[in-house]
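I opened my notebook next to the viewer today and looked up a handful of things. Here are my entries, kept short for a fellow bench worker.

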Amino acid sequence: MTVRTVISMVIAAAMGASGCRRAEPLPVVGEVPAFVLEDQTQQPVDLGDLRGSVWAATSFSTRCTGPCATVADHMATLAKAVAAAPALKAVKLASFSTDPDADSGDALGQYARGHGADPARWMLLTGPQETLQRVVRDGLHLPADSRSIVVVDRQGRIRGTFDGLAADWEARVRAALENLNGEPATDVFVPAGVREPWWLASKAKTQQASAAQLAARHDFHFTDRLGASGITFKLQASTDVGRFYTANHYDHGTGVAVADVDGDGRLDLYFANQAGASALYRNLGGGRFEDITERSGTRVNGRACTGVAFADIDNDGDADLFVSCVRQGSLLFQNDGHGRFTDITASAGVGGFGTHSSGVVFFDYDGDGLLDLFVTNVGKYTREERWDDGLYAAVRDAFAGHLHPDRSETSLLFHNLGHGRFENATQKSGLVHAAWSGEATALDADGDGRQDLYVLSMQGHDEFWRNAGGGRFERRSRQVFPATPWGSMGAQVLDWNGDGRPDLYVTDMHTDMSSDLQPEEDARKHDPKTFFPADFLGTDGHHVLGNALFTNTGPLTFVEESDKAGVETGWPWGPSVGDLNADGWPDIFVAAGMNYPFRYRGSDVLLNDGGRRFVPAEYILGIEPRRRLVVPWMELDCDADVKQDICTGEQEPLLAEDTRTPEQRHKIQPRHGHITAWAARASRSAVIFDLDDDGDLDIVTTNYGDLPQVFISDLSQRGDVHFLKVKLVGRRSNRDGIGAVVAVRANGRTQTLFNDGKTGYLAQGVMPLYAGLGGATQADSIAVTWPSGRQQTVRGPIQSGTVLTIREP
Amino acid sequence: MALLLSSAACGPDLPVPVDVVNVRLVAQDRSWHASYVLATSAGGVEVPTGRELHVPLGAGVHLALSSPDFISTFTVDDLDLRHFAAPDLPSQVTFFADRVGRHELRGDELCGRPHDARARGWLVIDRPADYQTWVRRQAREAR
């Protein structure tokens, strides 16, 4: 027991349990370290989940027979008291495992049931040993078999430690909890009702009821196992967005990419960050990861980054890494094949441009077998001042940047010269693109074997650059795509209808800023009458007022079918494509939602119904709703931040049905002291891959100002799942085979996969192609069209479950 | 056509035009700030009218939109008007006041706080006599 703990116990004892006089405030004796764990139902729990609540903490073990067994019984008693006593309303209990190997799965579930531990009130937390040690032993000062009960206030501060075996333990602990519960609440939820949206239950119920009519396979479930994964990365929002909300492009977030960086056969994860450090997690198998950022040499901090791409730039068989950043320079890291990287930005000639860089696309545009690099630049949305976090402050009118020609930035095309060197080929290629672009994707739209480029614009028309050969591009935008979304964010190439041609799905977020659609309208296009004013668009006005699905019907011929196919979604960022139900048809995950000060919107899962249409299934599959819809967004000291809206009282929680007059609203009282402002959780990027190597596809997301989600699919546990994984090794083509087209023939039909490496919003990766086979237990053949033009056919039967490496002849 | 305000003590002592009306409308700090320049024998007087602006029936109206801080949409659904105000991008909205009535003016900060009541205002189309009365009162209160 530490000196500090003894002192706090003495103080707590001196306070006594009397309820007659007003109790003295308990002293602050420490802070609970941040953690990410999971509860007895395998739901992730982080420190933010407990913020805003007073809570009591203990350590436990399912195998404990000593004092901690008695303390566990006392916690059960306390849980009943909390449920019954108004003075303990909203108090929570958290017991942390000291033996996570034993305290998991069935054993933990049985222990929870035996103690009547309802996770809504009493969480039994387990997870990685090192996390638990850091929190339990070093933070809460609770050793194994501890007899102590720690009380924590709404801000995560330790306010006392009590002897859980003392005769009067209950009176003392209850008194302390009541004391803390009586302190003024410091939480403001913006907008009001964001914690429990009125529409959520009915939307979930309606979708779940529709499952009976759903032809696409949906008898499986995703569980967010972040707490067991060992991933603690948090996407830190810039000061502009996270501290003083101003609308600008920082809130577009960052990407997450996968590749096997160390050659151990498992797919690792890299998260780009904005106001915090990036992170590289090595996949240990079984859904667990270790942070290898430092030893890999890929840590990026002190600059706002956006996109991330793994690609083999030197054809040596390993995944190199490019990270795009804002103003302070993008970075290129070369892999030594063992997961140790060297920053070669300067020698490679791809850094130091000082632009607001975003999307990253590796593709071989000149067919020389080396992956070239296209980096989209958004445009100048920052000014010269910097915040304390080192990031450049944003301008307040960032979303009118497209109307200021002096703020535009030309995107960058780098030609790979080999030996880790690139040349800036932007001008000589003719691909001089100066729209406000956060993303791009490569596809062969005219079937000539060359990779064209579709470059999204988030404030204007998307542009289509046809690869004319000879290292030259020609702008064919309006001829091929007469109308595009105005506010495009992400894109994916897929063959959604099974005709073998590359179709293009584009998500449009910025159009959702033009009018405030209600929850029941998320799947609708915007009304032209409420779209942006014509003089704001800066275009000819011919736009798809939401997401677009361009179905390819022939060379350079596309038909927009988003409504017919049912792929309109609310506040979308990035789409990712994968065959989530392994039925041989590509499904779509759309990372979605906006944080402060907007209402909650969930991410979307669109299951492909046999190439006829897509059907929403996020509530059916367990992706939505999140257990907690809000995240602590701003920590304010209203005695110092007197001008902040929330402190002045002007920023009252917002209600759509608010009928107060402006004058009435202005009479809101100012706030004082510490305030936590909570906002809606929202995703940005996602990657779909077989994280735990069990034969089905899992999903990892990034969430702005928040922790990721690690959705593990149980499809493979529900019965036979038939699939193939195809790794491509180019020889004359680039080694990753980027640009190859793979046609898998099984059960009388062919599915076509495009190996463009594009895994999601702001991300590119190196991973096997995944082909679900539906009911077929084998494939008849796999035909590969390599970027070099070579055709190759692997004849079957190829048994389901095979991981096939196809080398270019 | 021009009308003459009856009392120099109210501020403007020169005719107040009712066939063409110029209003300066600034979106600032998420609120509308309208102002009129009224002619007096001593020169122009700027009269701020807050979130409410009035125009006379039958007038050609020119609203000079601007904003020193955020981007704000400018919407009067009743009159099918949609424009925007943004820093360094002054713009002009021109319309013919052909319907007497009180029309809600909305101005949402782009990607800002939805339903911000402060950003609401009123565009009122008066009969010319009522417009005169309103102008007179505004000028008096502004002194």
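The entries below go from strands to rings, then to one serine and to chain B.

**Starting note.** I am working with a predicted model, and I kept that in mind throughout.

**Entry: a three-stranded sheet in chain A.** I began with an open sheet whose strand order is β9-β40-β39 in chain A, and I noted that its pairing is mixed. Which strands sit at the edges? I found β9 (187-189) and β39 (630-637) of chain A there, each pairing on one side only. On average, neighbouring strands of this sheet are turned by 30° against each other, ignoring direction. I then followed β39(A) to β40 of chain A (residues 674-680): the two pair antiparallel, over seven bridges. As a landmark for the viewer, I picked Asp637(A), which stands opposite His674(A) in β40(A).

**Entry: strand β8 of chain A and its partners.** Next I looked at β8 of chain A, residues 157-163. Five of its seven residues are buried, so I wrote it down as largely enclosed by the rest of the structure. I found β1 of chain A (residues 30-31) pairing with β8(A) in the antiparallel sense over two bridges. Glu31(A) has Arg157(A) as its bridge partner in β8(A). I also found β7 of chain A (residues 148-152), which runs antiparallel to β8(A) and is joined to it by five bridges. There, Val151(A) has Gly160(A) as its bridge partner. β7(A) and β8(A) make a hairpin with four residues between them. In the turn I marked Gly156(A), whose phi is positive at about 80°.

**Entry: aromatic rings.** How many aromatic pairs does a search of the whole structure find? I got 33 over all chains. One that I looked up is Phe531(A) with Phe532(A): the ring centres are 5.4 Å apart and the planes are at 50°, so I logged the pair as tilted. Both Phe531(A) and Phe532(A) are buried. I also traced a cluster in which ring pairs link Tyr454(A), Phe464(A), Phe481(A), Phe550(A) and Phe558(A).

**Entry: arginines over rings.** I then checked for charges over ring faces. Arg327(A) lies over the face of Tyr392(A), at 3.7 Å from the ring centre. Arg749(A) lies over the face of Trp585(A), at 3.7 Å from the ring centre.

**Entry: Ser562 of chain A.** Is Ser562(A) buried or exposed? Its relative accessibility is 0%, so I put it down as buried. I placed Ser562(A) in helix α15 of chain A, residues 562-565. Leaving out neighbours within four places in sequence, I listed its contacts as Lys525(A), Asn547(A), Ala548(A), Leu549(A), Val567(A) and Glu568(A).

**Entry: chain B.** I turned to chain B and found one helix and 12 strands. Read from the N terminus, the strands run up to the helix at the end of the order. Of the 143 residues in chain B, 52% are buried. Among its contacts between residues at least 6 apart in sequence, 63% join residues at least 24 apart.

**Entry: the helix of chain B.** I finished with α1 of chain B, residues 128-142. Its 15 residues reach 21 Å from first C-alpha to last, close to the 21 Å expected at 1.5 Å a residue. Which residues of α1(B) are buried? I noted Tyr131(B), Gln132(B), Trp134(B), Val135(B), Arg136(B), Gln138(B) and Ala139(B). For reading such a list, I jotted a reminder: an α-helix has 3.6 residues a turn, so residues three or four places apart point the same way.

Conventions:
Residues are numbered from 1 along each chain as its sequence is written. Chains are lettered from A and ligands numbered from 1 in the order in which they are written. This is a predicted model: local features need pLDDT of at least 70, side-chain atom pairs count only at pLDDT 80 or more; totals for chains, interfaces and linings use all residues. Side-chain values use heavy atoms; hydrogens and water are left out. Two strands pair if DSSP finds at least two bridges between them. Axes are lines fitted to C-alpha atoms, for helices over the stretch in contact, and angles run from 0 to 180 degrees between N-to-C directions. Rings of Phe, Tyr and Trp (its six-membered ring) pair if their centres lie within 6.5 Å; planes under 30 degrees apart count as stacked, over 60 as edge-to-face and the rest as tilted. Buried means under 20% relative accessible area, exposed over 50%, partly exposed in between (1.4 Å probe, protein chains only). A charge sits over a ring if NZ of Lys or CZ of Arg is within 6 Å of the ring centre and within 35 degrees of the ring normal. The expected span of a helix is 1.5 Å times one less than its number of residues. Contact means heavy atoms within 4.5 Å.
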